[in-house]
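Trainee: I have a model open and a few labels I'd like explained. Can we go through the reasoning behind them?

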Amino acid sequence: MSVLKADHISIQFGGLRAVNNFSLEMNEKELFAIIGPNGAGKTTVFNMLTGLYQPTEGAVYVNEKLMANCKPYQFTEAGLARTFQNIRLFGQATVLDNVKMAQTFRTNYSYYNMLTRTGKYYEEEKRITERSMELLEMFDLQDKRNYFASNLPYGEQRKLEIVRALATDPKVILLDEPAAGMNPNEIEDVISLIRRVREELGKAILIIEHHMKMVMSIAEYIKVLDFGETISEGVPEVVQNDPKVIEAYLGVHVNDSRG
Amino acid sequence: MVKIMKWLKRNSEVIIIPFIYVLIAGLQRTGILNNYIIQVIMLGGINIIMTESLNLVNGLTGQNSIGHAGFMAVGAYVSALFSKVIFNAGGLPPTSQTLVFLLATLMGGIAAAIFGYLIGTPTLRLKGDYLAIVTLGFGEVIRSIIRITPPVGAARGMTGIPKLANLFWVYLFVILAIYVCRNFMDSSYGRACMAIRDNEIAADTMGINTAKYKIIAFVTSAFLAGVAGSMYAHTLRYLHPDVFGYTKSTDFLVYLYAGGVGSISGSILGAFTLTALPEVLRFMKEWRLVIYGGLLVVIILFRPVGMFGGNEFAFLKLKTGGIKSVGFSDLFKRKGHKELSNKEGIQ
Amino acid sequence: MEKFIQLLVYGLQLGSIYALLAIGYTMVFGIIRMINMAHGDFLMMGAYAAFFIVSLIFRDQMIGPAVALLVILASAGVTGMIGVGVERVAYKPLRNRPKISSMIAAIGVSLFTQNFFRAIPFIGPNPRTFPKLMKDVLFFIGPIQFSLVRIVVIILSVIIMAILYVFVMKTTMGMEMRAVSCDKDASSLMGIDVDRTISTTFFIGAGLAAISGAFYANSYPVLTVTMGATLGNKAFIAAVIGGIGDIRGAMLGGFIMGIIEIMISSVYSELAYGISFVFLIIILLMKPEGLLGKPMVEKV
């Protein structure tokens, strides 16, 4: 089943066509990547895939459901989650609460239950806490569950963002530069974390990344953007050697006789 | 027996809350606290309810409502009108007075809640300063409308409201309001509101329907304000539209922000202390608002957490609304100023 | 028809007062992204300052137009300095904090100033009557009666606005103000003294408010400590309607507000204040950037 599909989406801001004719289809447990120079429109694509922007042309499908004029939370309800390039944790909340907050829409008690603490209130609260702890333990954050999210070291904040996104129980998760600002050791951690998310939790993953080694080592399929256009795509070996990709990044024609 | 003692110890509020009431009522009965002081205490209680209500919107959800007195006005006038009409119809046995009062209060709350919905909905997309000005405008519009409506006394005010509120009822509703706020904060609703406060875009992306929860917060808050309004009407027994203007709204802002925004205990202590203080310090009557203004600036500059705003009432297991004893007020701190210790607080 | 033109003139006069006040809001918002809730109180301070200068120095003499102008400028200067002081004490320390802090501080400042003035017996809670700054001359054009003073106020306001516009667009100081409005940090890196620029902005804004206060008091000669609040809110709405952050927008919005308010007041005065807020809500919902503004986009 297709978990995420972009059908020839484009977006136009006034006179600027930021992304043109982008298409993508992902099935369960697949791991794709979008790469390209800065300003190529990668995060704009993400924003269209998550409901923050509405494409001016084309359509987005999450788990085969057409997302027309939907708000971001509806994308999440449909089974998609994302992290952000600049960390957007709930800084004044604890680690545990951050994870709990992501499960709001999966909580099954009513306003009345909340006011009177009857019925399913205690049941659901217990269930959510347990599930949150499970996720935290899986990523070794359980000891810091009562820390304020803004007090975690940078690498753990990024991990928490991913854990929080996973708490929404998506079929597909979008990671925007998960390895940004990390040293090679930390990148190794991120790579194994991403692998675990795919293997153990069975999620499909779409990442935007600049660290080429990381992308080439884990992605099954890559799309390359430049100035909003898809200039290349394919498996890592193909993309790595595509002259158009090299030119976009380095700006030098491979066969330049003067070189 | 031991089991009961243990249960009581864990749920100590079951004893403490009635005890406080009995204490105050006893002092009233024996005349140690005269009627004036009792009325001050009641007004303090009403202010506590209002500040709690404001805390739900400004503290918990991070919105900027600065015209909250408008909701109180709606509750006050609607409930007063209801009880006046019923009483003037005449011939009611004393026992049904309670029923009338409760009904009036309920209607006041509901009417205010409806206005909460009416205000909350169009303002969903507004941020910060704009939202503030619009809420201010709402308060003024309400006041203007009341001023030109003859059936509720218009600019002359409404008199002859039956004396239905007393210490017991005010105390009860204060406790209920605190209960509601605590249950709200310590639930998925409260967490959703805090998420919206801390990072609205992230909240939206994490599946939280921000519009829905903002409205829920507004409506709940407005309902409580309406209840407070009803208490107010039946305590003072006289209403005038100008009472519910911007000045009254700023009173609640001072109680909230100076007291400790985001935490329940902060709201309680802020409201009560700042209501009682002018009574204790006579000279403050003239200079009350001057001091409030200065206090607000000083607090914001030097102690954004508020004067209180922590675990003052730990025995009541009050959620402090920002989780683990630091709340919305922490957002006021300089960027880059991290918490000195990672508080591993009690749940 | 004559009535209409007369109302139009009243509206333009009130509008010029709103415009001067709105410019202050808009300049401050432009430069530090903050709505100074206490701005209306600068108007009040300016009016009182003018009042005291006249009553203390000139007693009951009738003063000529030239002296009146000097008095107004003096009160503008005094109020401008107060504005700079307020900024330094209450707003500057909050520049790096979330916007709510500044708003609360502004509310506190407003609360403080209004009630401080009320509590001081010298200034006091009782309304004061503003003296006529100059003898009014009524003249007729055709069947319509005009008041010279009102026309003078309108003309003077327009002149002031024109001077301000030239200042902001053509002088170095003006350029620095525009730069800081765009990007505070980059400006300081380019060698602009950001603090001084912000102080200048507040000085000008408060000064303009004071001038508008004197003009207002001349036509509606009752001074109270709360006079600034209502006018301030209306001027703020004017600034938003015109496009907050844009000086021309503030001027445009001010005149629009003035004319509309006079027109509505002639029909139903009680509701004029409330209706202006309804206006605001409509504008914010439909075109939040105002008539002349540009939409702000939040980067995700």
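Mentor: Sure, let's take the labels one by one, keeping in mind that this is a predicted model.

Trainee: Why is chain A called as compact as a globular protein of its length?

Mentor: Chain A has ten helices and ten strands. Its radius of gyration is 20 Å and the globule rule gives 18 Å for 259 residues, which is close, so chain A counts as compact as a globular protein of that length. As for the box along the principal axes, the C-alpha atoms of chain A fill roughly 75 × 40 × 35 Å.

Trainee: What makes a residue of chain A count as buried, and what percentage of the chain do buried residues make up?

Mentor: The test is 20 or more other C-beta atoms within 10 Å of its own. Of the 259 residues in chain A, 44% are buried.

Trainee: What share of the chain A contacts with a separation of 6 or more comes from residues 24 or more positions apart?

Mentor: That share is 64%.

Trainee: How do you know that chain C touches chain B, and how many residues take part?

Mentor: A pair is in contact if the C-beta atoms lie within 7 Å. By that cut-off, 33 residues of chain C are in contact with 35 residues of chain B. Helix H4 (99–119) and helix H11 (272–286) of chain C each give two or more residues to that side, and H4(C) gives the most, with 14 residues. The side of chain C that touches chain B divides into 25 nonpolar, five polar and three charged residues.

Trainee: And which domains does chain B have?

Mentor: The domain assignment gives domain 1 (1–33) and domain 2 (34–332), with their C-alpha centres 26 Å apart.

How values were computed
Residues are numbered from 1 along each chain as its sequence is written. Chains are lettered from A and ligands numbered from 1 in the order in which they are written. This is a predicted model: local features need pLDDT of at least 70, side-chain atom pairs count only at pLDDT 80 or more; totals for chains, interfaces and linings use all residues. Two residues are in contact if their C-beta atoms, placed from the backbone, lie within 7 Å. Helices (H or I, at least four residues) and strands (E, at least two) are DSSP runs, numbered from the N terminus. Ala, Val, Leu, Ile, Met, Phe, Trp, Tyr, Cys and Pro count as nonpolar, Asp, Glu, Lys and Arg as charged, and the others, Gly among them, as polar. The radius of gyration is taken over C-alpha atoms; the globule rule is 2.2 Å times the number of residues to the power 0.38. A residue is buried if 20 or more other C-beta atoms lie within 10 Å of its own, exposed if 12 or fewer, and partly exposed in between; C-beta atoms are placed from the backbone. Domain bounds come from an automatic or database domain assignment.
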